[in-house]
Amino acid sequence: METEFLISLLQIIAIDILLGGDNAIVIALASRNLPEAQRNKAIFLGTGLAIVVRVVLTIVAVYLLNIPFLYLAGGILLLIIAYKLILEEDDELDVKAGKNLSDAVKTIVFADIAMGLDNVLAVAGAAHGNIVLVVIGLLVSVPIIIWGSKIILHFMERFPVLIYIGAGVLAFTSAGMIVEERMIHSVFEGNDFLKYGLYVFLVVGVILAGILTNTFKKKRAN
């Protein structure tokens, strides 16, 4: 159980870092017009509230995933997110700078909610109903996201293979959610070949699909 806990915790931290790369950029954009003293307050308050909201949303998602077939639906949705992560598309952030401290904090919180839904779903799936995992994972990873996301983004741009590894982590989590779906769990129970075969198929499949799509787009552009 300790090994499973650690693996799930590492999954959650990896997911938070992977899907939270834009958070530092949002914070910077939202508070860029404020005086330095207020800017620091906006970052502290906005980030703090965003963390609280995200924890609450993730806990709600954990309980909602107990509804029949939601784990299956969530796993499929997460697989789509993993595929889109690989696609070489430039997503421009349209974040308005706050005119005052209150506006900046609101922008940070609402932008985090809008951008963090994929993160919430992925973390809820990786937690397998364990609320402690959700809280610990977020507490450990949020500081890394805030202060280290620019470094992470830099490395992702420099070493594109990291994006594929990240997509593989999401696909692995997706497979875990599908296997854990109680309405079809009996199909995988006692059949390790089918169970682990699904993990391999989804991880390899989503990476190959992303590579082929990017290759096709480049050929078409040329």
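Hi everyone. Let's start with one residue: V206 counts as buried because its relative accessibility is 6%, and buried means under 20%. V206 sits in helix 10. Before I go on, please keep in mind that this is a predicted model.

Now, who keeps V206 company? Take K84, which is 122 residues away along the chain. Even so, the C-alpha atoms of V206 and K84 are separated by 9.4 Å.

Let's step back and look at the whole chain. How many helices and how many strands does the protein chain have? The count is 10 helices and zero strands. If you read along the sequence, you get the pattern α-α-α-α-α-α-α-α-α-α. Of the 222 residues in the protein chain, 41% are buried.

V206 gave us one buried residue, and here are two others. In helix 6 you'll find A127. Is A127 buried or exposed? With a relative accessibility of 2%, A127 counts as buried. Then, in helix 7, which covers residues 131-158, there is G137. G137 has a relative accessible area of 0%, so G137 is buried too.

How do these residues sit relative to one another? G137 and A127 are 10 residues apart along the chain, with 9.2 Å between their C-alpha atoms. A127 and T173 are 46 residues apart along the chain, and their C-alpha atoms are separated by 9.6 Å.

Let's move from buried residues to empty space. Rolling a probe the size of a water molecule over the atoms shows where empty space is left. I'd like to show you the second largest pocket, which holds about 540 Å³ of space. Which elements give two or more residues to its lining? They are helix 1 (2-19), helix 6 (117-127), helix 8 (161-180) and helix 10 (192-221). You've met two of those already: helix 6 is where A127 lies, and helix 10 is where V206 lies.

In total, 20 residues line this second largest pocket. If you want to find its centre on the screen, look for E4, S8, Q11, H128 and E180, which lie nearest to it. By type, the lining of the second largest pocket divides into 10 nonpolar, seven polar and three charged residues.

Last stop: the surface. Here V52, V56, V60, L64, I67 and L70 make a nonpolar patch of about 470 Å². Which helix gives the most to this nonpolar patch? That would be helix 3, residues 36-64, with four residues.

Let's pick V56 from that group, which has its place in helix 3. Its relative accessibility is 46%, so V56 counts as partly exposed. Set that beside V206, where we began: V206, at 6%, counts as buried.

That's my tour. Thanks for listening, and I'm happy to take questions!

Definitions and conventions. Residues numbered from 1 in each chain as written. Predicted model: local features only at pLDDT ≥ 70, side-chain atom pairs only at ≥ 80, totals over all residues. Heavy atoms only, no water. Patch = residues over 30% accessible without salt bridge, like charges linked within 9 Å, V, L, I, M, F, W, Y side chains within 5 Å. Areas by Shrake-Rupley, 256 points an atom, 1.4 Å probe, with all protein chains shown as cover. Salt bridge = Lys/Arg side-chain N within 4 Å of Asp/Glu carboxyl O. Buried < 20%, exposed > 50% of the residue type's maximum accessible area, 1.4 Å probe, protein only. 1 Å grid on protein atoms, 1.4 Å probe; cavity = no way out; pocket = protein on both sides within 12 Å on 5 of 7 lines; lining within 4 Å. Points joined across faces, edges and corners; volume = space filled by probe spheres on them. Nonpolar A, V, L, I, M, F, W, Y, C, P; charged D, E, K, R; others polar.
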